[in-house]
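Let's take a guided walk through a protein model. Have a look at the picture first, and then we will go through the parts together.

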Amino acid sequence: MAEISSSIPTPPHCTADFCLIPIGTSSPSVSAQIADVQRLIEKSGLKYVMHSAGTTLEGPWDRVHQVIGQAHTILHRQGVVRIQSDIRVGSRTDKEQSFEDKVNKVRELLKND
């Protein structure tokens with residue numbers, strides 16, 4: 001099995017869609033916690049879009065993953081003992097493509113229907 005070296009860099013750019021789920025809060029509503037996460041994301045400077053089932057982040061691989069980790073830390077510091085996150089990450093080496101580019105490409109194709 002190949003050994004993983006710390007000298008192997010991470011991809012320079014990625015898009016990550018994540019859904020952070022606080023578990024065991026005193027209310028079934030988690031909108032206050034999600035608002036705190038959105039404030040963190042806004043301050044991060046990363047390009048993002050919030051949607052009904054999570055948030056899509058775009059930027060350098062290490063920074064995107066750092067912000068997701070910081071979102072966990074913020075909520076843990078508020079007393080949320082358990083957090084589950086679903087994360088889907090994409091990267092490309094042939095070109096840098098934004099999440100807007102991907103959506104616009106499909107919309108362009110749909111215009112031809």
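## Two helices that cross

Helices H1 and H2 have axes that come within 10 Å and cross at roughly 145°. This is a predicted model, so treat the numbers as values computed from a prediction. Two packed helices are described by the angle between their axes and the distance between the axes. The crossing of H1 and H2 is right-handed.

Which residues make the contact between H1 and H2? From H1 come Gln33, Asp36, Val37, Leu40, Ile41 and Ser44, and from H2 come Arg63, Val67, Gln70, Ala71, Ile74 and Leu75. Sorted by class, this contact has seven nonpolar, three polar and two charged residues.

## The sheet

Now turn to the strands. Four of them form an open sheet in the order S2-S3-S1-S4, with antiparallel pairing. Strand S2 (47-51) and strand S4 (82-90) stand at the edges; each has a single partner strand, so one side of each is left without a neighbour in the sheet. On average, neighbouring strands of this sheet are turned by 20° against each other, direction ignored.

You can follow the pairing strand by strand. S2 pairs with strand S3 (residues 54-59) in the antiparallel sense over five bridges, and Met50 stands opposite Thr55 in S3. S1 and S3 also run antiparallel and are joined by five bridges; here Ala16 has Leu57 in S3 as its bridge partner. S1 and S4, again antiparallel, are joined by nine bridges, and Ile21 stands opposite Gln84 in S4. In a regular strand the side chains alternate between the two faces of the sheet.

## How the helices meet the sheet

Helix H1 (residues 31-44) lies across strand S1 (14-23), S2 and S3, and runs at about 150° to S1. Helix H2 (residues 61-77) packs on the sheet too, where it touches S1, S3 and S4. The direction of H2 makes about 10° with that of S1.

How enclosed is S1 by the rest of the structure? Seven of its 10 residues are buried, so S1 is largely enclosed.

## Residues to look at

Try finding Gln38, which sits in helix H1. Its relative accessibility is 12%, so Gln38 counts as buried, the cut-off for that being under 20%. Leaving aside neighbours within four places in sequence, Gln38 is in contact with Tyr48, Met50 and Thr55. Two of these names may ring a bell: Met50 and Thr55 stand opposite each other in the sheet.

Next, find His13 in the segment before S1. Is His13 buried or exposed? With 13% relative accessibility, His13 counts as buried. Apart from neighbours within four places in sequence, His13 is in contact with Glu58, Gly59, Pro60, Trp61, Gly90, Ser91, Glu96 and Gln97.

Leu109 offers another view, in helix H3 (residues 99-111). Leu109 is partly exposed, because its relative accessible area is 47%. The C-alpha atoms of Leu109 and Gly79 are separated by 47 Å, although these residues are 30 residues apart along the chain.

## Cysteines without a bond

How many disulfides does the structure hold? The number is zero. Why is there no bond between Cys14 and Cys19? The sulfur of Cys14 has its closest cysteine sulfur in Cys19, and that sulfur is 17 Å away, which is too far for a bond. A disulfide needs the two sulfur atoms to be within 2.5 Å.

These cysteines can also be described by their exposure. Cys14 counts as buried, at 1% relative accessibility, whereas Cys19 is partly exposed, with a relative accessible area of 24%.

## The whole chain

Finally, step back and look at the full chain. Its secondary structure comes to three helices and four strands, and along the sequence the pattern reads β-α-β-β-α-β-α. Taken along the principal axes, the C-alpha atoms fill a box of roughly 50 × 45 × 30 Å.

The chain has 113 residues, and 29% of them count as buried. Among contacts in the chain with a separation of 6 or more, residues 24 or more positions apart account for 70%.

Methods: Residues are numbered from 1 along each chain as its sequence is written. This is a predicted model: local features need pLDDT of at least 70, side-chain atom pairs count only at pLDDT 80 or more; totals for chains, interfaces and linings use all residues. Side-chain values use heavy atoms; hydrogens and water are left out. Helices (H or I, at least four residues) and strands (E, at least two) are DSSP runs, numbered from the N terminus. Buried means under 20% relative accessible area, exposed over 50%, partly exposed in between (1.4 Å probe, protein chains only). Two strands pair if DSSP finds at least two bridges between them. Axes are lines fitted to C-alpha atoms, for helices over the stretch in contact, and angles run from 0 to 180 degrees between N-to-C directions. Contact means heavy atoms within 4.5 Å. A crossing is left-handed if the near helix is turned anticlockwise from the far one by less than a right angle, and right-handed if clockwise. Ala, Val, Leu, Ile, Met, Phe, Trp, Tyr, Cys and Pro count as nonpolar, Asp, Glu, Lys and Arg as charged, and the others, Gly among them, as polar.
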